[in-house]
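Open your viewer and get the selection tool ready. This short tour goes from one stop to the next.

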Amino acid sequence: MTELKKSVVQNADTKAINEVRKLVLDCCRQHGGGHGGTAVGMAAVAVALWKYILRFNPKNPNWFDRDRFVLSNGHAGILQYVMLHVTGYENFSMEELKGYAAPKNGNFETICHGHPEIEIDGVEITTGPLGQGIANSVGMAIASQHHKATFNKEGHDVIASTIFCTTGDGCLQEGVAVEAMSLAGHLALDNLVLIYDNNQVTCDGPLEWIATEDINAKVRAMGWNVIDVDEGNTNIASIVSALQLAKSYKGKPTFVNIRTTIGYNTSKANTAAAHHGTFSDDDVDVVLEQLGGDKSRPTHYISPETYDYFREAGNRGAAEEKEWSEAVQKYYKTYSVEGKELYNRIHSISPDYEKLLSDLQVPEKIQSGATREQNAYVFNQLFKDNRQMVIGGADLWGANKLGDPSHVVFEKNDYSGRVLRYGIREHAMASVTNGISAYQKGSLLPMTATFLMFYLYAAPGVRMGALCSLPAIHIATHDSIGEGQNGPTHQPVEVDTLYRTMPNFQFMRPADSEEIIGCWTAALGNLETPSMISVARDPASSSVPNTCRQKASKGGYVISEIKDAKVTLISSGSELQFANEAAQILNSGGISTRVVSMPCMRVFEQQPKEYRKEVLGTAEYTVSLEPYIPASWPKFCNVSIGMKSWGYSASGLSNYRRFGLDGESVAHKLTNLVNGPAPDERWIAL
């Protein structure tokens, strides 16, 4: 490059950085607030990425083989919105940018939310809770590597996407980020580039108040390459060189540590005050000076030259997608079997799960085992023939009874595997799963497995998956006081409430193989809503008649009907056996009792009103029975029999007797209730 041409390019780069900064300031000033400090400080990083590095096509934001960009430091969302606007994403108009940080009174809406949200084209996944985006990007890198290993062949590299993620100081302190980065290093995910906006300032003050570790040494110890960029405020050339080098490295993920200044060139620069809030006229004047000193320049303005500067990158991406599409068509013709599977993944076409489940029969020998074993059989029948399914466990695979995965493990020497060994990293497991799902929604169906108790560790990630409507199925075992001798630390008496009340989430407790099949049917039939299938450690001591997969898939149904019943006893999971035993005792003693199974409250609530009324019935006493604190049951019942304390370290059956949840104890409690004075409260706990 000649010196003259280099000077022209540098001038264009500098102008682009300053125009991006000016637009960020305008958007933060328009309604008196926003997270502008990080966005201003990262402007050069963003320009380098979108102009020179990322493969993307604004005309087709969902191009399958695009590079993915995740803003883990999601509070800097305005920077991403500005970049999507200037590079030609039509949905991010200037009018939309003017809605950023608006109070949104009345019916006012904008796609420029406080944090990026997945529903918007150009945003790969919702971020905001710090660290989540790092784990999501690890999941996307896993998905991309899996697709590469499954489909790429010599001369036919149809999958080439790289995952870029930005992080601030805060994300790197979150446990989920450390878990995910450790996993990424172990798996040698060399298609992952993590860009550290190293401004040394957090919300409360200087980073040195709370962290003095050698971050580069820490990241290297986790198996990453590290590249330093000492001047990230204006030096586009250094940033681009570092990112190009990062993309070329093989055998490890790469961490690019870029030194920036939060609130660069403003009165709040290098202080916590820059994190959130508005900026002064003087701050704007400084940027205007960089742009030539014209103070009459309007707000919310990008020059035609800068639009052209960025649109060239979009045009380049459109050409790359065209070339890719032609290569994929050749692939389809050359490899018919793999081509059909690739087509299904690109277009998110799912297998016919419903037919397989409707015909599936669980062997009698397995039916006599614990529901974790029955569930494992159903899972493996689905998994073996459906290559879009991937699953990972948190070091409890054997206890979850999911079988021998050794021939299909995803590992650094074989990315074609479909079983991930997450280790004891439950939070990252759930958040990485979200990234696998978000890579291309419906292309892969990710699943996880651990004890129900340990889904507390995973809860923030599970919640983000539900918030994003990302397909996922979580398998929880050891789900009650029946877990036994491990005691109250492992007995989840309260965890069900979290997942039953979580919006857009299906918590399921099947009682036997028929209901397990019904729950899988419901879960796979609604992939806009993630699900958890929760099963028991030990076999039931008695069987329950009349269970039905078709009815279980409706969330709740009648097991045994009695006309004009005095009591309706509702239960789920392993305790349905005790509800059935109690009903038999009560009926023989003259207290007419019907039994309802409710494996999934959320699915049941979506059924027609008349069906729900028919199932719940009109008995004087509608009673729930479960080994949990019964916080979710009052909307269906006026009486609940459940836990009022933590569990106990004892065998499963003795625990049910200890806490009055076995058949005889339940029948005794209800006999006293029915024969005693009428309750004077709308809902009571026995």
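Which residues does UniProt list for "domain: Transketolase-like pyrimidine-binding"? Select 369–542, the span given in that unreviewed entry; such annotations may be inferred rather than shown by experiment. Its end C-alpha atoms lie 11 Å apart, and the span is 37% helix and 17% strand (DSSP runs: H or I of at least four residues, E of at least two).

A word on ground rules: this is a predicted model, where local features need pLDDT of at least 70 and side-chain atom pairs count only at pLDDT 80 or more, while totals for chains, interfaces and linings use all residues. Numbering runs from 1 along each chain, and side-chain values use heavy atoms, with hydrogens and water left out.

Next, colour by the domain assignment, which comes from an automatic or database source: domain 1 (20–260 + 293–319), domain 2 (353–535) and domain 3 (555–685). Contact between domain 2 and domain 3 takes 31 residues from the former and 33 residues from the latter (heavy atoms within 4.5 Å). About 2400 Å² is buried between these two, 50% of it from carbon and sulfur atoms (accessible area lost on being put together, 1.4 Å probe, summed over both parts).

Now show Ile-481, Arg-500 and Arg-509 as sticks: they supply 31% of the area that domain 2 buries against domain 3, more than any other three residues. Stay on Arg-500 and add Glu-626, its salt-bridge partner, with the closest N and O atoms 2.7 Å apart (Lys or Arg side-chain nitrogen within 4 Å of an Asp or Glu carboxyl oxygen). The interface holds three salt bridges by this rule.
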